[in-house]
Amino acid sequence: MSGPLLTPDHALSRTVVRALPDPLTERLADLGNIPVAVPVLALAMVYAARHGRHLAAGAAGLAMALVPALVIPLKEWTARPGPLEPWAAGYYPSGHTATAAVAYLGAAVLLRPHTRRAWPTAVALVLTGATAVGLVVRGWHWPLDVVASLLMCAPLLLGVWWVSSRRPGSTRRSSG
């Protein structure tokens, strides 16, 4: 494999892999596991729905459902080997990073109208960043794997934000 981004990607990975103790980075990476991240989003969806924001809750659920629909085909198509397991394939993009981003940031978007504070977004960013750092430093993903996942999730999260930002009952009428 070659390309203008792969050389710095490999160099950064060589510098940071195993720079922290494995038990720590494994726990950080675990923040992107489905049984850890998805219940956080599910609770935020229930909270939003109970407060009359059914469409926003549904948009967040749809975004999470789209994560494996996007990640799995890309992993199959690219078949990128891992940093510590060059014989294995399917590391690009990072499903754990995508799951963490959509779950935690999606939950923050759903909670935003109810808190009017920045802490849900700050917590979501920390949890998503911790997942990404854990995956890269542990050696389970290349840095570009997690960056690609974050970029892939941006439109999904923008969609959740857009639906969540709409006022209930408001419709746009075209002038004509």
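## The surface and the overall picture

Let's start from the outside: the protein chain exposes about 10000 Å², and carbon and sulfur atoms supply 68% of that area. Keep in mind as you look around that this is a predicted model.

Turning from the surface to the interior, buried residues account for 41% of the 176 residues in the protein chain. Measured out along its principal axes, the C-alpha trace spans about 55 × 40 × 25 Å.

## How the chain is built

What will you find if you follow the protein chain from its N terminus? The elements run α-α-α-α-α-α-α, giving 7 helices and 0 strands.

The contacts tell you how parts of the sequence come together. Of those in the protein chain between residues at least 6 apart in sequence, 77% join residues at least 24 apart.

## A closer look at helix 3 and helix 4

One pair of helices makes a good place to pause. Helix 3 covers residues 34–50 and helix 4 covers residues 54–78. Their axes lie 7 Å apart, and the two helices pack at an angle of about 160 degrees. An angle over 145 degrees counts as roughly antiparallel, so helix 3 and helix 4 are roughly antiparallel to each other. Their crossing is left-handed.

Which residues meet here? Helix 3 brings Val38, Leu41, Met45, Ala48 and Ala49, while helix 4 brings His54, Ala57, Ala60, Gly61 and Met64. Sorted by character, the residues of this contact comprise 8 nonpolar and 2 polar ones, with no charged residue.

How values were computed: Residues numbered from 1 in each chain as written. Predicted model: local features only at pLDDT ≥ 70, side-chain atom pairs only at ≥ 80, totals over all residues. Heavy atoms only, no water. Axes fitted to C-alpha atoms, helices over the stretch in contact; angles between N-to-C directions. Helix = DSSP H or I, 4+ residues; strand = E, 2+ residues; numbered from the N terminus. Parallel < 35°, antiparallel > 145°, perpendicular 65-115°, else oblique. Left-handed = near helix turned anticlockwise from the far one by under 90°. Contact = heavy atoms within 4.5 Å. Nonpolar A, V, L, I, M, F, W, Y, C, P; charged D, E, K, R; others polar. Buried < 20%, exposed > 50% of the residue type's maximum accessible area, 1.4 Å probe, protein only. Areas by Shrake-Rupley, 256 points an atom, 1.4 Å probe, with all protein chains shown as cover.
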